[in-house]
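Me: I should like to examine the reasoning behind some structural terms. Please take each term in turn and set the values against its criterion.

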Protein chains: 2
Amino acid sequence: MPIPIEKLVVVGVGLIGASFALALKAAGGARRVVGVGRSRANLEQALAMGAIDDAMHDAARAVEGADFVLVATPVGAMRDVFAGIAPKLAPDAVVTDGGSTKQSVVAAARATLGDRTAQFVPAHPIAGSDTSGAAAATAALYRDREVIVTPLQENPPAAVARVRAAWQACGARVAEMAPGEHDAILAAVSHLPHLLSYALVHELAARGDATQLFAHAGTGLRDVTRLAASHPEMWRDVCLANRDALLGELRRYQDALARVGALLEQSDAAALERLFAAARAARRAWTDRNG
Amino acid sequence: MPIPIEKLVVVGVGLIGASFALALKAAGGARRVVGVGRSRANLEQALAMGAIDDAMHDAARAVEGADFVLVATPVGAMRDVFAGIAPKLAPDAVVTDGGSTKQSVVAAARATLGDRTAQFVPAHPIAGSDTSGAAAATAALYRDREVIVTPLQENPPAAVARVRAAWQACGARVAEMAPGEHDAILAAVSHLPHLLSYALVHELAARGDATQLFAHAGTGLRDVTRLAASHPEMWRDVCLANRDALLGELRRYQDALARVGALLEQSDAAALERLFAAARAARRAWTDRNG
């Protein structure tokens, strides 16, 4: 019986961690939740919302006696968390994470968890938001969203099943793939869009007439730039952790912009319309398929 | 008394034109509406929705006896519309448009409307959508949205007042500026974002593993690419009509991407976080200011 979890520890009680705790509790999937974080105000918020039952600053002490640990800090901080908790982890505890990159997290786990490595099942819930912190968390965040689990060769099937079951209890669909495949896909469909969105807002905001520009912008710019409201520290870590794949995606996109710029330069009306029509058809096929 | 309009003619009964007709009718601002379009199915849709009372294919015949004409075709088609209606326009009729570029429309009007030019008051409602056609129209489309009017020097104040009043009756806020200023601002905050969004979807969709990429995409890619579902013919015309300003914006953005790519290449964590944080602060200031 993979759930309920007797003692769940959530390290990093932000949007991802606190929503996981709320969703599991709502589903009867966790009896007691201990939240670990740096910010007292954020932990108090999580306590007040009922996402966590106890708050601590020390992850190592928190995981004593825990049977399930979710590490939901920025990916750059996970190595230190793993190193801290490794000596205190029970042999039957399962550890997972909520990081947006997987190869870097797997490397951090292998470097620090020692003979506890097989207990770590990497995962990534594809359910971000431009909001952050426990205050933005909801029990519904993962409903009908996808969680990609990237198991290690040494994971016992029961540990993988437990992580899958916890996410399914939150309402998510679970997919499995290799960490490298995950990182290649997410570089294209998530990490690049974040970079593009940050760069666009930054470029516009640096101008002398930025206030006037934004004042006349409509819903189009608002949609294109929503990701620029995302958590800067989290996205700094993601970009650096998946740097090579992201640089490859950025170069492909730069080439695509050069091509569309050349069509515009040549006033090639027919080719521009074909490109726009193909893009519209592809996007509609996607959104029709995936709801 | 600028409104009600006795006979309103809408040339191009798509999202923009049909929503204008629905909104004005709902406000008691138009007694009779004649819709002009190419597609019989779309005109029948507009009739069935009550957006228009009569449908015609010939704009010149339609404008006979009209006191208000909205040209809401793609901007590349407006020159022919103006040339067609010029001989039949009543001397007290007011003509306006809903085009996303203004200098090209003003040039088309000056080249074709002859001594009726002073009756043309250019305007642009900043209220697009990724939907199109009469079926997507609503009386609420312009509520609390901005309409930019770019009057000609020769417009009588009463004609400008009439166009302003019609848009205000639709629930819009009206701003005024010169056509060139409009085109410079919209190139940055609307035309470029459309181009970026089309280019991103087109690039992803052209890959062999496109279906898998889209299957694992979340709300982030969905937001960034919503504009790629926009009307290809309309946006082909906008891009060509405002080509020089748009090429300038594209080059600025390409430079911005090169800079962020260099930071990533150098793994400059502090500079990336600063850029992301500045973008987030600018976007939040904008959305806080503009609701």
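Reply: In this predicted model, helix 5 of chain A is followed by A:G114, whose phi is positive, near 55 degrees.

Me: What makes residues of helix 5 of chain A count as buried, and which are they?

Reply: A residue is called buried if 20 or more other C-beta atoms lie within 10 Å of its own. In helix 5 of chain A (residues 103–112), the residues that qualify are A:Q103, A:S104, A:V105, A:V106, A:A108 and A:A109. Their cover includes helix 4 (78–85), strand 5 (94–97) and strand 6 (120–121) of chain A, together with helix 7 (179–205) and helix 10 (232–241) of that chain.

Me: Why are the two copies described as related by a two-fold rotation axis?

Reply: A turn of 180 degrees, with a shift of 0.0 Å along the axis, lays chain B on chain A with an RMSD of 0.0 Å. The copies are therefore related as by a two-fold rotation axis. Within chain B, the residue that comes closest to this axis is B:V224, at 2.1 Å (C-alpha).

Me: How many residues of each chain are in contact with the other, and what is the criterion?

Reply: Contact requires C-beta atoms within 7 Å; 72 residues of chain B are in contact with 72 residues of chain A. On the side of chain B that touches chain A, helix 7 of chain B gives the most, with 17 residues. By class, that side has 45 nonpolar, 14 polar and 13 charged residues.

Me: Why is it said that the copies meet through the same surface?

Reply: Of the interface residues of chain B, 100% are also interface residues in chain A, so the same surface is used by the copies.

Methods:
Residues are numbered from 1 along each chain as its sequence is written. Chains are lettered from A and ligands numbered from 1 in the order in which they are written. This is a predicted model: local features need pLDDT of at least 70, side-chain atom pairs count only at pLDDT 80 or more; totals for chains, interfaces and linings use all residues. Copies are superposed by least squares on the C-alpha atoms of residues with pLDDT of at least 70 in both. Two residues are in contact if their C-beta atoms, placed from the backbone, lie within 7 Å. A residue is buried if 20 or more other C-beta atoms lie within 10 Å of its own, exposed if 12 or fewer, and partly exposed in between; C-beta atoms are placed from the backbone. Helices (H or I, at least four residues) and strands (E, at least two) are DSSP runs, numbered from the N terminus. Ala, Val, Leu, Ile, Met, Phe, Trp, Tyr, Cys and Pro count as nonpolar, Asp, Glu, Lys and Arg as charged, and the others, Gly among them, as polar.
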